[in-house]
Amino acid sequence: MESATIAGLLKAYAAVSAAQVEQVSAYVDILLKWNARINLTALRDPAEVVVRHFGESFFVAERLAQTMQPMTVIDLGSGAGFPGLPFAIFAPWAQITLIESNGKKATFLSEVISALKLGNAKVFAERAESHPGKADLVTMRGVEKFTDSLPLAQQLVQSGGRIALMIGASQMEAARALAADVRWQQPLPIPGGHSRVLAVGTKSVIVEQ
């Protein structure tokens with residue numbers, strides 16, 4: 001895709017630089033090439049890929065990345081890298097860990113990181129339960145078994161840290177029920193008209209005795 005087209009498509013979601021648009025262009029090329037071999041996304045139209053995957057991810061990054069510098073981020077169940085890798089593109093001061101236990105998808109993520117020279121991103125190619133550290137922010141988008149994944153996200157975020165979910169508006173009630181120790185902000189509609197919201201919650205601070 002031409003850079004001018006990508007920039008136009010992203011304009012409604014976030015303010016990105018010309019250099020970041022070039023990184024998106026390279027990422028889209030790699031994604032579509034790999035998608036012919038393994039199922040990374042059901043989307044086939046490059047413009048739709050830019051809007052749904054990159055636009056939504058940059059929308060999240062723009063609202064969360066400025067609140068803390070530097071910051072650590074875990075993208076749980078990263079899949080094709082959303083929103084984790086666009087977050088890394090948008091916020092070079094953030095250290096991003098992509099948790100993806102599927103070997104082929106983890107290899108894809110590593111290729112994108114190498115091609116885009118994203119020194120602030122790395123892949124943890126094991127199950128989330130075995131990840132040794134916690135982060136300031138845990139992101140989650142479209143993961144399978146939401147009811148199993150949200151408790152994992154709670155374990156991976158540090159006390160006082162935040163969880164950011166890109167979910168359907170109808171899932172918000174379940175999120176509140178599953179994460180009783182998280183104080184949720186009012187969900188923010190994600191542009192695009194797909195009834196998706198950005199739900200951000202802060203984990204209760206644990207006071208050690």
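This tour moves through a predicted model, from its packed helices to its nonpolar cores and then to single residues worth selecting.

**Helix 1 against helix 3**

Begin by selecting helix 1, residues 3-10, together with helix 3, residues 46-64. The two pack with their axes 9 Å apart and at an angle of about 50°. That angle makes helix 1 oblique to helix 3. The crossing of this pair is right-handed. To display the contact, show Ile-6, Leu-9 and Leu-10 on helix 1. On helix 3, add Ala-47, Val-50, Val-51, Phe-54, Gly-55 and Phe-58. By class, the residues of this contact comprise eight nonpolar, one polar and no charged.

**Helix 1 against helix 2**

Keep helix 1 in view and add helix 2, residues 18-35. The axes of helix 1 and helix 2 are 9 Å apart, and the packing angle is about 105°. Helix 1 is therefore roughly perpendicular to helix 2. Select Ser-3, Ile-6, Ala-7 and Leu-10 in helix 1, which meet Val-21, Glu-22, Val-24 and Ser-25 in helix 2. This contact has five nonpolar, two polar and one charged residues. Ile-6 and Leu-10 of helix 1 appear here and also in the contact with helix 3.

Next, pick Lys-11, in the loop between helix 1 and helix 2. Is Lys-11 buried or exposed? With a relative accessible area of 70%, Lys-11 is exposed. A distance drawn from the C-alpha atom of Lys-11 to that of Val-51 reads 9.8 Å, although the two residues are 40 residues apart along the chain. Val-51 is one of the helix 3 residues in the contact with helix 1.

**Helix 2 against helix 5**

Hide helix 1 and show helix 5, residues 103-116, beside helix 2. Their axes lie 10 Å apart and the angle is about 150°. These two helices are therefore roughly antiparallel to each other, and their crossing is right-handed. On helix 2, select Gln-23, Ala-26, Tyr-27, Ile-30, Leu-31, Lys-33 and Trp-34. Their partners on helix 5 are Lys-104, Thr-107, Phe-108, Glu-111, Val-112, Ala-115 and Leu-116. The contact of helix 2 with helix 5 has nine nonpolar, two polar and three charged residues.

Continue past helix 5 to Lys-117, in the loop that leads to strand 3, residues 121-124. The phi angle of Lys-117 is near 55°, a positive value in a residue other than glycine. Lys-117 is exposed, at a relative accessible area of 72%.

**The nonpolar cores**

Which residues touch the most other members of the largest nonpolar core? Select Tyr-27, Phe-54, Leu-85, Phe-87 and Phe-108, which hold that position within a core of 49 residues. Helix 3 supplies the largest share of this core, eight residues. Two of the residues named here, Tyr-27 and Phe-108, also belong to the contact of helix 2 with helix 5, and Phe-54 belongs to that of helix 1 with helix 3.

Centre the view on Leu-85. Not counting residues up to four places away in sequence, Leu-85 touches Tyr-27, Leu-98, Leu-109, Val-112, Ile-113, Leu-118 and Ala-121. A second, separate core has 25 residues, among them Val-138, Leu-156, Val-157 and Val-182.

**A cis peptide before helix 4**

Select Phe-82 and Pro-83, which are joined by a cis peptide bond with omega about 5°. Pro-83 sits in the loop between strand 1, residues 71-76, and helix 4, residues 84-90.

**Two buried strand residues**

Now move to strand 4, residues 135-141, and select Asp-136. Asp-136 counts as buried, at 14% relative accessibility, because the limit for buried is under 20%. Leaving aside neighbours within four places in sequence, Asp-136 is in contact with Met-68, Met-71, Thr-72, Val-157, Gln-158, Gly-161 and Arg-162. Among these contacts is Val-157, a member of the second core. The C-alpha atoms of Asp-136 and Pro-151, 15 residues apart along the chain, are separated by 16 Å.

Finish in strand 8, residues 196-203, with Thr-202. At a relative accessible area of 16%, Thr-202 is buried. What does Thr-202 touch, not counting residues up to four places away in sequence? The residues to show are Gly-160, Gly-161, Arg-162, Asp-181, Val-182 and Arg-183. Gly-161 and Arg-162 are touched by Thr-202 and are also in contact with Asp-136.

Conventions: Residues numbered from 1 in each chain as written. Predicted model: local features only at pLDDT ≥ 70, side-chain atom pairs only at ≥ 80, totals over all residues. Heavy atoms only, no water. Axes fitted to C-alpha atoms, helices over the stretch in contact; angles between N-to-C directions. Helix = DSSP H or I, 4+ residues; strand = E, 2+ residues; numbered from the N terminus. Parallel < 35°, antiparallel > 145°, perpendicular 65-115°, else oblique. Left-handed = near helix turned anticlockwise from the far one by under 90°. Contact = heavy atoms within 4.5 Å. Nonpolar A, V, L, I, M, F, W, Y, C, P; charged D, E, K, R; others polar. Core = buried A, V, L, I, M, F, W, Y, C linked by side-chain atoms within 4.5 Å. Buried < 20%, exposed > 50% of the residue type's maximum accessible area, 1.4 Å probe, protein only.
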